[in-house]
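Welcome, and please open your viewer with the side chains switched on. We will go from one selection to the next, with a look around at each stop.

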Amino acid sequence: MGGPGRCLLVTGPPAVGKTTLIARVFEMLKASNPNLKIKGFYTREVRQGSQRGGFEVVTLDGRTSPLASTSVSSSESLRWPTVGRYKVDIASFESLALPELQVEKDTDLFIIDEVGKMELFSSSFFPAVLKVLESNTPVLASIPIPKSGRDIPGGTLFP
């Protein structure tokens, strides 16, 4: 995997293939070295017919939880932050993603897809990512290029 503290960032506009690339790298690493301990998560689209209806968080062992949706209509969701037409379910995201970012000495690699606007609505996510980066465990992460030059909230993550 290389030396400690290595960080590889994948960036690009929406739908360019960041998650696809990260998922393929993960599958190749697991196939070539099944004993490698890789922690983290990725996000993927949830389709409703031909339309994107939202996003879900997927752990590397296959567990899923909603991240954002266009069709949530509970009274609780009225207080959720929005990104475009999507309502972001912070509690759902945190319950699945944050435990995957717990630093353990035997972790060989962290995968974080993505460090984006939806994820950064979680006040606990940014500190968890910083702890991962400070752990000297190699990291493969994606960072979207925001539309219209808008900044991603949370400040500069990777100076």
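Here a residue counts as buried under 20% relative accessible area, as exposed over 50%, and as partly exposed in between. By that scale Lys37, at 28%, is partly exposed. Keep in mind that you are looking at a predicted model.

Stay with Lys37 and add Glu104 to your selection: the two form a salt bridge, with their closest N and O atoms 2.5 Å apart. Glu104 sits in the loop between helix 2 and strand 7, while Lys37 sits in the loop between helix 1 and strand 2, so the pair ties together parts 67 residues apart in sequence. Glu104 is partly exposed too, at 34%.

Next, select Glu100 and Arg63, whose side chains meet in a salt bridge at 2.7 Å, N to O. Glu100 belongs to helix 2 and Arg63 to the loop between strand 3 and strand 4, so this bridge links parts 37 residues apart in sequence. Is each partner buried or exposed? Glu100 is buried at 13%, whereas Arg63 is partly exposed at 39%. Now return to Lys37 and Glu104 and add Lys39 and Asp106: salt bridges with shared partners join these four into one network.

For the last stop, select helix 3, residues 125-134. Which of its residues are buried? They are Phe125, Ala128, Val129 and Val132. These residues span an arc of only 100 degrees around the axis, which puts them on the same side of the helix. Their cover includes strand 2, helix 2, strand 7 and strand 8. Turn to the face pointing away, and you find the exposed Lys131 and Glu134. Just past the helix, Asn136 has a positive phi of about 65 degrees.

Notes: Residues numbered from 1 in each chain as written. Predicted model: local features only at pLDDT ≥ 70, side-chain atom pairs only at ≥ 80, totals over all residues. Heavy atoms only, no water. Buried < 20%, exposed > 50% of the residue type's maximum accessible area, 1.4 Å probe, protein only. Helix = DSSP H or I, 4+ residues; strand = E, 2+ residues; numbered from the N terminus. Arc of directions from axis to C-beta. Contact = heavy atoms within 4.5 Å.
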